[in-house]
Structure formats: structure tokens, C-alpha cells
Amino acid sequence: MSLIPWLRWNEALPRLSSRSPAEMVLETLMMELAGQMREAERQQRERSSAGRKICTGVDYSWLASPPRATYDLSPGERLQLEDVCAKIPPSYCGPAILRFRQLLAEQEPEVREVSRLFLSVLQEVLERTKQEEEARRLTRQWSLRPRGLALATFKTRTRIAPFASDIPTISEDVERDARPPPRTWSMPEFRAPQED
């Protein structure tokens with residue numbers, strides 16, 4: 001039995017990372033992009049070697065060493081992607097990666113297209129966060145609004161009297177002079193009070 005686990009009591013406990021969540025999201029998303037670009041490049045090499053193998057009928061892949069990465073992001077494109085990645089909330093980092101991987105599996109893009117696809121996914125996530133924030137704001141605004149106040153002010157300002165009218169109309173004169181037609185047995189008889 002080893003005593004080493006027992007002697008570790010005086011070691012410092014692992015500290016939490018001093019990086020902010022935004023920095024961790026940025027690093028995670030950029031690492032995902034770099035990994036997916038390497039994978040797309042590998043798949044592109046495999047497709048081209050398979051095409052050569054079909055054309056020549058000979059496989060020299062064992063002889064050739066794999067080439068180094070040929071495509072890298074331009075500094076401007078990298079800065080743009082880092083700027084957008086920094087705006088992604090930590091709770092949306094995982095769904096953004098899943099959506100990116102799903103689109104890569106569906107489309108199988110060239111290496112140059114991967115960064116544009118990644119940018120479109122990030123913009124889609126940002127749009128979704130804006131929509132959800134707007135919905136939360138409206139819900140909060142609706143729930144904080146006093147409910148009884150609007151109906152109370154409406155009731156005090158408006159008096160509804162459906163049978164009383166201060167405006168004389170032609171139809172009132174006609175109805176006063178004409179005798180109402182006889183009603184059917186199923187309908188009750190309504191008569192206006194006659195003025196003398």
C-alpha cells in the first residue's frame with residue numbers, strides 16, 4: 001500500500017481559472033474552428049488522393065508524407081471572428097458548436113468556406129439571443145404593468161347606455177309612427193312606450 005495519496009494533504013487545492021467566461025467562450029469557439037478547419041483540410045486531401053488513385057490506378061500514399069496545413073485565416077478575418085465570439089453568451093457556446101458541427105456534416109464545405117460558415121452560425125446565435133432578450137423584456141414589461149388600472153380608468157371615463165340616445169334620427173320618427181309588424185309565436189312582443 002502506497003502512502004503517497006495520504007501525503008498529498010498539504011498540497012494546494014486546484015484553483016478556479018482566473019479567466020473570465022467571455023475569454024473561455026472565445027477560446028473554446030476559436031479552438032473548435034481551428035479543429036474543424038484541420039478536419040476539413042484532411043477530408044479534402046483524402047478526396048483528392050482518392051481521385052488520383054482512381055485516375056492512375058496506383059496508390060503511393062504510403063510513400064508521401066502528409067502535407068502541412070495550407071490554409072490559415074487572415075488576420076482581419078481572425079479579428080472579426082474573435083470579436084463576434086466575444087459577444088456570444090456562455091450559455092450559447094455549446095449550442096453554437098453543435099449547430100456548426102451539424103452544418104459541417106450536412107454541407108461538407110471546402111477549407112476556405114469553413115470560417116464563413118462559422119461566422120454565419122455565430123451571427124445566427126447572436127440574432128437568437130437578441131430575440132430572446134426582447135421576448136424577456138416584453139414579458140417583464142407586461143408582468144410589471146398594473147392590470148386593474150386600465151379597466152378602472154376606462155369605466156370611469158365612459159358611460160355606456162345602449163337604449164338611451166341624445167341624437168335624434170330619422171329612423172326614430174319612422175318607428176314612432178309605424179305600427180310594428182306582428183311577431184311570430186316564438187318571439188316575444190316588444191313595444192315602445194307611447195307618448196301622449
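Trainee: Which residue forms a salt bridge with Glu 124?

Mentor: Good place to start, and keep in mind that this is a predicted model. The pair's closest N and O atoms are 3.2 Å apart, and a salt bridge calls for a side-chain nitrogen of Lys or Arg within 4 Å of a carboxyl oxygen of Asp or Glu. The partner of Glu 124 is Arg 99.

Trainee: How many residues apart are Glu 124 and Arg 99?

Mentor: Look at where each one sits: Glu 124 is in helix 4, while Arg 99 is in helix 3. Their salt bridge therefore links distant parts of the chain, and the two residues are 25 residues apart.

Trainee: Is Arg 99 buried, partly exposed or exposed?

Mentor: Here we need the cut-offs: buried means under 20% relative accessible area and exposed means over 50%, with partly exposed in between. Its partner Glu 124, at 34%, is partly exposed. Arg 99 has 25% relative accessibility, so Arg 99 counts as partly exposed.

Trainee: What term describes how helix 3 lies relative to helix 4?

Mentor: Helix 3 covers residues 93–107 and helix 4 covers residues 111–144. Their axes come within 10 Å and cross at roughly 140 degrees. Angles over 145 degrees count as roughly antiparallel and 65 to 115 as roughly perpendicular. The crossing fits neither range, which makes helix 3 to helix 4 oblique.

Trainee: How many residues of the contact of helix 3 with helix 4 are nonpolar?

Mentor: Helix 3 brings residues including Ala 96, Phe 100 and Leu 103 to the contact, and helix 4 brings, among them, Val 114, Leu 117 and Phe 118. Arg 99 and Glu 124 take part too. The contact residues divide into 2 charged, 1 polar and, for the group you asked about, 9 nonpolar.

Trainee: What separates Glu 132 and Arg 136 along helix 4?

Mentor: These two form a salt bridge, with the closest N and O atoms 4.0 Å apart. Both are partly exposed, Glu 132 at 33% and Arg 136 at 43%. They lie 4 residues apart in helix 4, so their separation is about one helical turn.

Trainee: How far apart are the closest N and O atoms of Arg 136 and Glu 133?

Mentor: Arg 136 and Glu 133 are 3 residues apart in helix 4, so about one helical turn separates them. Glu 133 is partly exposed, at 39% relative accessibility. The two form a salt bridge, and the distance between their closest N and O atoms is 2.7 Å.

Trainee: How many salt bridges does the structure hold?

Mentor: We have met some of them, such as Glu 124 with Arg 99. Elsewhere, Glu 39, Arg 42 and Glu 46 are linked in a network of salt bridges. For the structure, the number of salt bridges is 8.

How values were computed
Residues numbered from 1 in each chain as written. Predicted model: local features only at pLDDT ≥ 70, side-chain atom pairs only at ≥ 80, totals over all residues. Heavy atoms only, no water. Axes fitted to C-alpha atoms, helices over the stretch in contact; angles between N-to-C directions. Parallel < 35°, antiparallel > 145°, perpendicular 65-115°, else oblique. Contact = heavy atoms within 4.5 Å. Nonpolar A, V, L, I, M, F, W, Y, C, P; charged D, E, K, R; others polar. Buried < 20%, exposed > 50% of the residue type's maximum accessible area, 1.4 Å probe, protein only.
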